[in-house]
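The following exercises are to be worked with the sequence and the coordinates at hand. Each task is followed by a solution in steps.

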Amino acid sequence: MQLAEQIKILEFSDLGDERGNLVVVEGSGFDVPFEIKRVFYIYGSDAEVIRGRHANRKTEFVLINVSGTSKVRLDNGFEQEVIELNRPRMGLYLPTMLWKDMYDFSEDSILLVLASEHYDAEEYIRDYDEYIKEIAKL
Ligand code: TYD
């Protein structure tokens with residue numbers, strides 16, 4: 001499948017009013033296509049830092065830059081694509097088995113990550129050659 005068909009750019013609704021913005025993200029198929037089991041956020045990463053560098057066998061993710069901006073380089077073993085996360089209402093849905101690097105964090109970047117699974121180090125592929133081998137078997 002083409003990389004562009006594997007990922008989804010989500011647009012969350014803003015329920016804000018004159019008091020300010022209010023963005024709601026509900027799991028289980030409402031705004032995010034999975035039950036949210038884990039949330040983590042990344043901030044304080046310098047512009048030259050590259051995070052991620054892994055693929056997940058079981059976990060799907062939605063990435064949201066709730067503040068600032070960052071970039072995600074995606075690789076499905078055949079194609080690469082760079083997506084800039086630059087709006088608090090924008091979500092990037094990532095299915096399993098995509099190689100991802102997060103980088104180019106702005107100083108005010110807060111990258112919120114919603115995950116479909118609890119943390120399990122065993123389901124991470126942290127070696128790119130291993131990733132390519134596993135992709136070839138699918
Ligand atoms: P890491 O996967 O390197 O973060 P990133 O993908 O953002 O570059 O995680 C850093 C450390 O934190 C590593 O030892 C694993 C641990 N960790 C957890 O224990 N639970 C989690 O949910 C996450 C994302 C990481």
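The model is predicted.

**Exercise 1. Contacts of the ligand**

Identify which protein atoms approach the oxygen atoms of the ligand, and state how much of the ligand the protein buries.

Solution. Begin with Arg126, which places a polar side-chain atom 2.9 Å from an oxygen atom of the ligand. Next, determine the area: the ligand taken alone exposes 530 Å², and 59% of that is buried by the protein. Then turn to Arg38, where an N or O atom of the side chain is 2.5 Å from a ligand oxygen. Finally, inspect Gly52, where a backbone N or O atom lies 2.8 Å from an oxygen atom of the ligand. Each of these pairs falls within 3.5 Å, so each qualifies as a polar contact.

**Exercise 2. The shell around the ligand**

List the residues around the ligand, classify them, and state which strands supply at least two of them.

Solution. First, collect the residues around the ligand: Arg38, Phe40, Ile42, Arg51, Gly52, His54, Tyr119, Tyr124 and Arg126. Second, sort the shell by character, which gives four nonpolar, two polar and three charged residues. Third, assign residues to strands: at least two come from S2, and at least two from strand S3 (50-56).

**Exercise 3. The open sheet**

Give the strand order of the five-stranded open sheet, name its edge strands, and describe how S1 is joined to S7.

Solution. The order across the open sheet is S1-S7-S4-S9-S2, and the pairing is antiparallel. The edges are formed by strand S1 (8-11) and strand S2 (38-43), each of which pairs on one side only. From one strand to the next, the twist averages 25°. At the S1 edge, four bridges connect S1 with strand S7 (residues 90-94), and the two run antiparallel. Within this pair, Leu10 stands opposite Gly91 of S7.

**Exercise 4. A loop asparagine**

Locate Asn76, decide whether it is buried or exposed, and find the partners of its side chain.

Solution. Asn76 is situated in the loop between strand S5 (70-75) and strand S6 (80-85). Its relative accessible area is 5%. Buried means under 20%, and therefore Asn76 is classed as buried. The side chain of Asn76 makes a polar contact of 2.9 Å with the side chain of Gln6. A polar atom of the Asn76 side chain also lies 2.7 Å from the backbone nitrogen of Glu79.

Definitions and conventions. Residues are numbered from 1 along each chain as its sequence is written. This is a predicted model: local features need pLDDT of at least 70, side-chain atom pairs count only at pLDDT 80 or more; totals for chains, interfaces and linings use all residues. Side-chain values use heavy atoms; hydrogens and water are left out. Two strands pair if DSSP finds at least two bridges between them. Axes are lines fitted to C-alpha atoms, for helices over the stretch in contact, and angles run from 0 to 180 degrees between N-to-C directions. A residue is near a molecule or strand if one of its heavy atoms lies within 4 Å of it. A polar contact is a pair of N or O atoms within 3.5 Å; within protein, one must be able to donate a hydrogen and the other to accept it, and residues adjacent in sequence count only if both atoms are side-chain atoms. Accessible areas come from the Shrake-Rupley method with a 1.4 Å probe; for residues, only the protein chains shown count as cover. Ala, Val, Leu, Ile, Met, Phe, Trp, Tyr, Cys and Pro count as nonpolar, Asp, Glu, Lys and Arg as charged, and the others, Gly among them, as polar. Buried means under 20% relative accessible area, exposed over 50%, partly exposed in between (1.4 Å probe, protein chains only).
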